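Let's take a friendly walk through this model, looking at how its helices pack and how far the prediction can be trusted.

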Amino acid sequence: MKYTFMVSALLIAANLLLSCNGSGNSTVPAYTPSGKTDTSVYTGNTEPAMAKTDRGREIFETRCMACHGQNGNERQDNAANLQFSRLDSIGITQTIKNGRGVMPMFKEVIADSDIGHLAVYVKSLRK
């Protein structure tokens, strides 16, 4: 009797998870600190599913390459070596938005969706 109840409870919980878009394939507006919704497909990761490194690379070349270099390891003006960074996506995003050390903040300069693309690209530079 006790095991039947536990199995039933597990089946109900699994059904609830699946009915609440737990499959990861549905469109769910993601929270952004600015209050705007991100309409990219939510995959359970902290990165937008549609974020492509091409857009991130474009932003990187425009805004970041002068200090971090083309491969993220030049360290101009004491910039961090991005190839050895172990920040997660949230840490990278917060650093881009709010700056760190001599790095300026970009929250007023780069759109939230582009910061997501940039964070994905920065992670791709790792060794």
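Axes here are lines fitted to C-alpha atoms, for helices over the stretch in contact, and angles run from 0 to 180 degrees between N-to-C directions. Helices (H or I, at least four residues) are DSSP runs, numbered from the N terminus. The model is predicted, so to speak with care: local features need pLDDT of at least 70 and side-chain atom pairs count only at pLDDT 80 or more, while totals for chains, interfaces and linings use all residues. Residues are numbered from 1 along each chain as its sequence is written, and side-chain values use heavy atoms, leaving out hydrogens and water.

Two helix pairs are worth a look.

| Pair | Angle | Axis separation |
|---|---|---|
| H2 (residues 53–63) and H5 (residues 112–124) | about 90 degrees | 7 Å |
| H4 (residues 89–98) and H5 | about 120 degrees | 9 Å |

H2 and H5 are therefore roughly perpendicular (65 to 115 degrees) to each other. From H2, the contact (heavy atoms within 4.5 Å) draws on Thr53, Arg55, Gly56, Arg57, Ile59 and Phe60. H5 contributes Asp114, His117, Leu118, Val120, Tyr121, Val122 and Ser124. These residues comprise 6 nonpolar, 4 polar and 3 charged; Ala, Val, Leu, Ile, Met, Phe, Trp, Tyr, Cys and Pro count as nonpolar, Asp, Glu, Lys and Arg as charged, and the others, Gly among them, as polar.

H4 and H5, in turn, are oblique, the term for angles outside the perpendicular range that are neither under 35 degrees (roughly parallel) nor over 145 (roughly antiparallel). Ser89, Ile92, Thr93, Ile96 and Lys97 of H4 meet Asp112, Ile115, Leu118, Ala119, Val122 and Lys123 of H5. That contact has 6 nonpolar, 2 polar and 3 charged residues.

Within H2, Arg57 forms a salt bridge (a side-chain nitrogen of Lys or Arg within 4 Å of a carboxyl oxygen of Asp or Glu) with Asp54. Their closest N and O atoms are 2.9 Å apart, and the two residues sit 3 residues apart, about one turn of the helix.

As for confidence, pLDDT (the predictor's confidence in each residue, from 0 to 100) averages 74 over the protein. Among the elements, H4 has the highest mean, 96, and H1 (residues 2–19) the lowest, 53.
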